[in-house]
Each structure stands twice: as C-alpha cells, then as structure tokens.
Amino acid sequence: MALIPELEGIREQTDANGKRLQEICAGLSEAQLSWRPGPAKWSIAENLLHLARTTQIFLPILDAAIEKARGQGRFSNGPFRLGLMGKIYIWYSEPPPRIRLSAPKPIRPVLEGAAAGALDQFLESQEQMKKRLESANGIDIVGTRITSPFASFIRMSLFALFSVGAAHERRHIWQISNIRSHLPS
C-alpha cells in the first residue's frame with residue numbers, strides 16, 4: 001500500500017537527507033570524520049551518532065504509539081495538518097539554529113570505535129524510521145500523540161514527530177556541512 005501524501009513527503013525528505021550526508025562524507029578520512037572544530041563542538045561522526053541515537057530512543061515510543069492507535073481503532077488517511085506547536089517544534093529544529101540548547105545526556109554522542117562507522121549507523125537508523133512511517137500509514141497521525149522521553153511536558157502528534165525528525169536531520173546536515181568546509185587540509 002502506498003504511503004499517504006504526508007508520510008510520503010517525510011520519507012522523501014529522509015531519503016534526501018541520507019543522500020546529502022553520503023555526499024558530504026564521501027572520501028573523508030577517519031581523522032576528518034573525527035575532527036572537532038573546537039573543544040565543545042562535535043565532529044562530523046559525533047553529529048551522525050547523535051542523530052542515530054536520537055532515532056533509536058524514539059523507535060520504541062513510536063512502536064508503542066502506533067500499536068496503541070491500531071488497537072484503539074484510530075484510523076485515518078488524512079489529510080493531516082500540523083498544529084501550532086508542531087510548527088514551532090519544526091521551526092526550532094530547522095537550520096540554521098535560532099536557539100541553541102545542549103542535547104540531553106542520553107543523546108550526546110560518544111565516539112567509540114571507528115568514526116567511519118557513524119554514517120552507516122545513521123543510515124541504518126533512517127531505515128528503521130522509514131519502517132515506522134510505513135507502520136503509521138493508515139492511522140490518525142495527528143490524533144496519535146507521544147510524550148518526549150526528555151521532557152514530559154512536551155507532547156506532540158506522530159505527524160509532528162516525524163516532521164521534526166526530518167528537520168532535525170537537516171539541522172545537523174547544516175552543522176556537518178560547516179564542519180566539512182573548515183576541515184584542516
């Protein structure tokens with residue numbers, strides 16, 4: 001079954017983000033992938049690991065929300081629109097960053113092992129997220145809501161969460177592009 005237009009749009013954004021990161025990282029050495037532009041700044045690999053870790057934390061939350069919606073018979077094929085808060089979360093996530101906050105500790109990257117593996121981890125996390133897009137197809141993605149594992153006062157619809165995820169990737173693509181342009185020769 002084809003994805004509803006809103007979810008197909010997010011899948012297209014996700015694919016474009018993955019392709020862009022593959023282009024940016026092409027030909028980079030281990031040293032370049034792990035180079036930090038400053039002591040408190042993340043490397044390219046660390047940005048990728050942060051994105052992968054963030055996705056991994058949200059996958060079980062998405063699975064539970066999708067399963068609950070299906071169990072309660074909350075089905076709809078839209079059309080769907082983002083609410084005001086969803087639009088604000090996306091605005092906050094899009095590059096360039098207008099507001100900078102420290103990442104919560106569980107999603108701060110820790111580079112263990114080869115930096116070259118970070119891109120593969122990120123791409124695998126994208127594949128897992130695309131499976132959740134497919135799983136959410138046909139349910140009410142606006143009426144189905146999740147609570148952030150990082151701040152219990154933040155609640156959003158599945159549509160907003162999927163949209164924020166793609167915007168969050170773009171934010172880090174912007175950061176990674178800046179790092180790449182400043183890599184020492």
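**View 1. Trp42, a residue in the loop ahead of H3**.
Trp42 is partly exposed, because its relative accessible area is 22% and that label covers the range between buried (under 20%) and exposed (over 50%), using a 1.4 Å probe and protein chains only. You'll find Trp42 in the loop between helix H2 (30-34) and H3. Helices here are DSSP runs of H or I with at least four residues, strands are E runs of at least two, and both are numbered from the N terminus. From Trp42 to Ile99 the chain runs 57 residues, and their C-alpha atoms are separated by 17 Å.

A quick note before the other views: this is a predicted model, where local features need pLDDT of at least 70 and side-chain atom pairs count only at pLDDT 80 or more, while totals for chains, interfaces and linings use all residues. Residues are numbered from 1 along each chain as its sequence is written, and side-chain values use heavy atoms, with hydrogens and water left out.

**View 2. Phe58 and Phe150, an aromatic pair**.
How many aromatic pairs does the rule give? The count comes to one. The ring centres of Phe58 and Phe150 sit 5.9 Å apart with the planes at 70°, so the pair is edge-to-face. (Rings of Phe, Tyr and Trp, the last by its six-membered ring, pair if their centres lie within 6.5 Å; planes under 30 degrees apart are stacked, over 60 edge-to-face, and the rest tilted.) Phe58 belongs to helix H3 (residues 44-71) and Phe150 to the loop between strand S1 (145-147) and strand S2 (155-157), so the pair ties together parts that are 92 residues apart in sequence. Phe58 is buried at 11% relative accessible area, whereas Phe150 is partly exposed at 29%.

**View 3. Arg36 and Glu46, joined by a salt bridge**.
Their side chains meet at 2.7 Å, N to O. A salt bridge means a side-chain nitrogen of Lys or Arg within 4 Å of a carboxyl oxygen of Asp or Glu, and the whole structure has eight of them. Arg36 is partly exposed at 37% relative accessible area, but Glu46 is buried at 7%.

**View 4. Asp63 and Arg132, a salt bridge between helices**.
Here the N to O distance is 2.6 Å. Asp63 is in helix H3 and Arg132 in helix H5, 69 residues apart, so to speak a link between distant parts of the chain. Is each partner buried or partly exposed? Asp63 is partly exposed at 32%, while Arg132 is buried at 13%.

**View 5. Arg20 and Glu23, a salt bridge inside helix H1**.
The two side chains meet at 3.7 Å, N to O. Both residues lie in helix H1 (residues 5-25), three residues apart, about one turn of the helix.

**View 6. His50 and its polar contact with Ile107**.
His50 sits in helix H3 and is buried, with just 3% relative accessible area. A polar atom of the His50 side chain lies 2.8 Å from the backbone oxygen of Ile107.

**View 7. Two cis peptide bonds**.
The bond from Gly78 to Pro79 is cis, with omega near 5°, and Pro79 is in the loop between H3 and H4. The bond from Pro95 to Pro96 is cis too, with omega near -10°; Pro96 is in the loop between H4 and helix H5 (117-136).

How values were computed: Polar contact = N/O pair within 3.5 Å; in protein donor to acceptor, adjacent residues only side chain to side chain.
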